[in-house]
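Please follow the paragraphs below with the structure open beside them, moving from a single residue outward to its surroundings and then to the surface.

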Amino acid sequence: MTGHENATRDPASDPLDRLGFLLVRHGAVAKSRVQHAFGVCGLAPRQGTTLMLLGRSGNMSQQSLAGELGVDPSIMVGILNDLESCHLVERRRDPADRRRHIVAITEAGGDTLTQVEKALHEVESELFADLAPEEISTLRGLLARVRTDSPVDPPCDEV
């Protein structure tokens with residue numbers, strides 16, 4: 001098949017060109033590289049994502065963190081126990097509701113988050129090296145519109 005024929009054929013006619021398959025293939029590569037970036041920083045993906053969430057908001061309730069990560073509260077406790085034992089986060093009771101825990105990123109957690117952000121920037125720079133900034137912006141917008149929040153989907157298992 002020549003380049004011209006390849007350019008004019010319907011991509012949906014080749015099962016390997018189906019969008020779902022392409023997302024899975026590229027997603028697997030991206031997931032592996034992101035996991036490696038977290039690992040270089042000494043974190044599991046959920047731990048790194050927790051620091052990123054706290055870095056964005058300053059602090060959050062333990063329940064809100066579990067909801068954002070899509071994990072059971074008991075899993076969230078384990079994630080926070082590990083982060084707290086490394087002095088990257090701290091939990092304290094909410095003065096307005098003593099039943100709630102507020103989680104805050106520590107100074108050491110902020111330093112680790114800076115390392116995570118640098119490592120993720122390097123991953124993204126490599127992944128999207130052939131895309132112009134406008135194309136990256138368009139891709140981000142399109143991906144935001146892909147319906148992946150079906151109630152039948154299992155919670156996020158890694159990130």
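**From one strand residue outward**

At a relative accessibility of 8%, S61 counts as buried, because buried means a value under 20%. This is a predicted model, and everything said here about positions and distances applies to that prediction. S61 belongs to strand β1, where it stands opposite I102 of strand β3. Leaving aside residues up to four places away in sequence, S61 touches R100, H101 and I102. Another residue of the pairing between these strands is M60, whose bridge partner in β3 is V103. Taken together, β1 and β3 (residues 97–105) pair in the antiparallel sense, and three bridges join them.

The strand pairing can now be followed across the whole sheet. The sheet is open, has three strands in the order β1-β3-β2, and is paired antiparallel. Its edge strands are β1 (59–61) and β2 (89–94), each of which pairs on one side only. Neighbouring strands of this sheet are turned against each other by 30° on average, with direction ignored. On the other side of the pairing scheme, β2 and β3 run antiparallel and are joined by six bridges, and one of the residues involved is R93, whose bridge partner in β3 is H101. The two strands β2 and β3 form a hairpin, with two residues between them. In a regular strand the side chains alternate between the two faces of the sheet.

Helices surround this description of the strands in the sequence. The protein has seven helices and three strands, and read along the sequence they follow the pattern α-α-α-β-α-α-β-β-α-α. One of the helices, α5 (residues 73–85), lies across β2 and β3, and runs at about 120° to β2.

A second residue worth following is Q62, which has its place in helix α4 (residues 62–69). Is Q62 buried or exposed? At 15% relative accessibility Q62 counts as buried, since the value falls under 20%. Apart from residues up to four places away in sequence, Q62 touches M76, V77, L80, R91, H101 and V103. H101 is thus a residue touched by Q62, and H101 is also touched by S61. V103, which is in the list for Q62 as well, is the bridge partner of M60.

The charged residues offer another way of reading the strands and their surroundings. Side chains of opposite charge can pair when their charged atoms come close. The structure holds six salt bridges, and among them is the one between D94 and R100, whose closest N and O atoms are 3.0 Å apart. What is the exposure of the two partners, D94 and R100? D94 is buried, because its relative accessible area is 12% and the cut-off is 20%, whereas R100 counts as partly exposed at 35%. R100 is also one of the residues that S61 touches.

Two further salt bridges can be set beside this one. The side chains of D97 and R99 meet in a salt bridge at 3.0 Å, N to O, and R99 counts as exposed, because its relative accessibility is 73% and exposed means over 50%. E90 forms a salt bridge with R92, the closest N and O atoms being 3.6 Å apart. In that pair, E90 counts as partly exposed at 39% relative accessibility, and R92 also counts as partly exposed, at 38%.

The last stop is the surface. L23, L143 and V146 form a nonpolar patch there, and together they have about 250 Å² of accessible area. V146 is found in the segment after α7 (133–145), and at 37% relative accessibility V146 counts as partly exposed, because the value lies between the limits of 20% and 50%. For the protein as a whole, the exposed area is about 10,900 Å², of which carbon and sulfur atoms supply 55%. Of its 159 residues, 25% count as buried, and S61, Q62 and D94 are counted as buried by their values above. Finally, among the contacts in the protein with a separation of 6 or more, residues 24 or more positions apart account for 51%.

How values were computed. Residues numbered from 1 in each chain as written. Predicted model: local features only at pLDDT ≥ 70, side-chain atom pairs only at ≥ 80, totals over all residues. Heavy atoms only, no water. Patch = residues over 30% accessible without salt bridge, like charges linked within 9 Å, V, L, I, M, F, W, Y side chains within 5 Å. Areas by Shrake-Rupley, 256 points an atom, 1.4 Å probe, with all protein chains shown as cover. Salt bridge = Lys/Arg side-chain N within 4 Å of Asp/Glu carboxyl O. Helix = DSSP H or I, 4+ residues; strand = E, 2+ residues; numbered from the N terminus. Buried < 20%, exposed > 50% of the residue type's maximum accessible area, 1.4 Å probe, protein only. Contact = heavy atoms within 4.5 Å. Pairing = 2+ DSSP bridges. Axes fitted to C-alpha atoms, helices over the stretch in contact; angles between N-to-C directions.
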